[in-house]
2 protein chains.
Amino acid sequence: MPYEEAAEPLEASPIACELLGLVGCGELFAFETLAADATRTSILEIKAALGSRACREFRNFEKVADRLRAMGADPDAAIGAYVPTMTEFHRHTAPRDLYEGLVKAYVGDGITSDFGRELSNYADPGTREFVAELLEETGQAEFVVPFVRKALSKNPGLEGRLALWGRRLIGEALAQTQRLTADREELSVLLVGTPDQPGRGDLAEFARMLARMTDAHTARMKKLGLAS
Amino acid sequence: MPYEEAAEPLEASPIACELLGLVGCGELFAFETLAADATRTSILEIKAALGSRACREFRNFEKVADRLRAMGADPDAAIGAYVPTMTEFHRHTAPRDLYEGLVKAYVGDGITSDFGRELSNYADPGTREFVAELLEETGQAEFVVPFVRKALSKNPGLEGRLALWGRRLIGEALAQTQRLTADREELSVLLVGTPDQPGRGDLAEFARMLARMTDAHTARMKKLGLAS
């Protein structure tokens, strides 16, 4: 019961709500993505591994909702605000098979986490620590990386297709990040600033953030054995 | 740790393995169905409710796998044996929207549970009790029934479509049950018997079992406010 634990009430700053909304929504969609991947194989062992990871993401979503509640915020509003963006991302990146699904789970999770960590630089220390811990332990990598690498070594045609797929994922993710930052005033003011309200960041810093996210994506693709 | 608890080892009879295989696979597919339903709505509250139920089904799947392991059986083999049948059922009953998805989750879960309970009449008391407890607490009904009833009152065209959908679900489920009983020797011998090996049941009893399952389905459809 977060209400009882908290000696001093949690800070419900707008940026903390934005950040937790984003991260919570990311966890929920990671759950949905991994559960959908489970249906893409008939090998029980893989189904079970994906299901178990999906449920871990769902528990993280619940943790975020609990924290928002403990802050006195409405989790449905805070997390729900990100549902259209995430839905749009998923509509544009529907995997055609298990491999595309797994690459998406790993790479998509990574991109959301990166953006979450970037945002958390602007949040209070308590929220920052909470988000860091949450994003730390998703542990997709250990499962997806060897699985995809093994598949690559067996299917010569797969590498090119998955490399293109990765480019599609990062392209769509960056497009959504930019759209989001333009659409959500809180994020826009924070990350970029407006003519009458300078942000803590600015357009140059925002561009550098996107560049950092792209670099991290490239590193993840390399880990999978794929060009970006 | 089931191994440590068990004062006397669990009985690994063929029928216990069949039954747990069926029930475990049913739980896994219930997880997949509910998680897929979560993607069919953009209302966060409903996404969260479906996700939470999906994860409960997944935990039940894990409990079944643990018990099979504690019996000295291979859960991948026992549960995996039912994956083709379940996959076939799902291929023939792909929901077109959230309503069809929810009716399928509720009604499909009910049919699998009914078949599980029928089979458990032939199993040892320990397995019977384990399965009964597991099937008791799925609790789809409290969520799905009011949700569907409310939708029916708002969408006049929905009732006819969902009634037909229910008929498709039970038809496909009974077809798969018959196919399964014919294909899996253990089930066939048990439920129907063979010329050289009389079963504990026979063809007449098997037909009565299908009739009982159909009755239970009719009752569930009625609870949803739908004709069967």
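**Close-up 1. The lining of the largest pocket, sorted by residue character.** In this predicted model, the lining of the largest pocket splits into 10 nonpolar, 13 polar and 11 charged residues. That makes 34 lining residues, and the ones nearest the pocket centre are Ala36(A), Thr39(A), Arg40(A), Ala36(B) and Thr39(B). The space inside comes to about 810 Å³.

**Close-up 2. The helices around the largest pocket.** Both chains chip in here: helix 2 (14–38) and helix 5 (83–92) of chain A, plus helix 2 (14–38) and helix 5 (83–92) of chain B, are the elements that give two or more residues to the lining. Helix 2 of chain B supplies the largest share, with six residues.

**Close-up 3. Two copies and the axis between them.** Turn chain B by 180°, with 0.0 Å of shift along the axis, and it lands on chain A with an RMSD of 0.0 Å. The two copies are thus related as by a two-fold rotation axis. To find that axis from chain B, look for Cys55(B): its C-alpha is the nearest one of that chain, 2.8 Å away from the axis. As for the interface, 100% of the chain B interface residues are interface residues in chain A too, so the copies meet through the same surface.

**Close-up 4. Tyr99(A) meets Phe147(A).** This is one of eight aromatic pairs found over all chains. The rings of Tyr99(A) and Phe147(A) sit 6.3 Å apart, centre to centre, with 35° between their planes, and the pair counts as tilted. Tyr99(A) belongs to helix 6 (residues 98–120) of chain A and Phe147(A) to helix 8 (residues 140–154) of chain A, so the pair ties together parts 48 residues apart in sequence. Tyr99(A) is partly exposed, at 24% relative accessibility. Phe147(A) is partly exposed as well, with a relative accessible area of 21%.

**Close-up 5. Phe147(A) again, now with Phe143(A).** Phe147(A) also pairs with Phe143(A), and this pair is stacked: 6.1 Å centre to centre and 20° between the planes. Both residues lie in helix 8 of chain A, four residues apart, or about one turn of the helix. Phe143(A) has 15% relative accessibility and therefore counts as buried, the cut-off being under 20%.

**Close-up 6. A cluster of Phe rings in chain A.** Here Phe31(A), Phe58(A) and Phe61(A) are the ones to look for: ring pairs link these three residues into a cluster.

Key. Residues numbered from 1 in each chain as written. Chains lettered and ligands numbered in written order. Predicted model: local features only at pLDDT ≥ 70, side-chain atom pairs only at ≥ 80, totals over all residues. Heavy atoms only, no water. Least-squares fit on C-alpha atoms with pLDDT ≥ 70 in both. Contact = heavy atoms within 4.5 Å. 1 Å grid on protein atoms, 1.4 Å probe; cavity = no way out; pocket = protein on both sides within 12 Å on 5 of 7 lines; lining within 4 Å. Points joined across faces, edges and corners; volume = space filled by probe spheres on them. Nonpolar A, V, L, I, M, F, W, Y, C, P; charged D, E, K, R; others polar. Phe/Tyr/Trp six-rings, centres within 6.5 Å; stacked < 30°, edge-to-face > 60°. Buried < 20%, exposed > 50% of the residue type's maximum accessible area, 1.4 Å probe, protein only.
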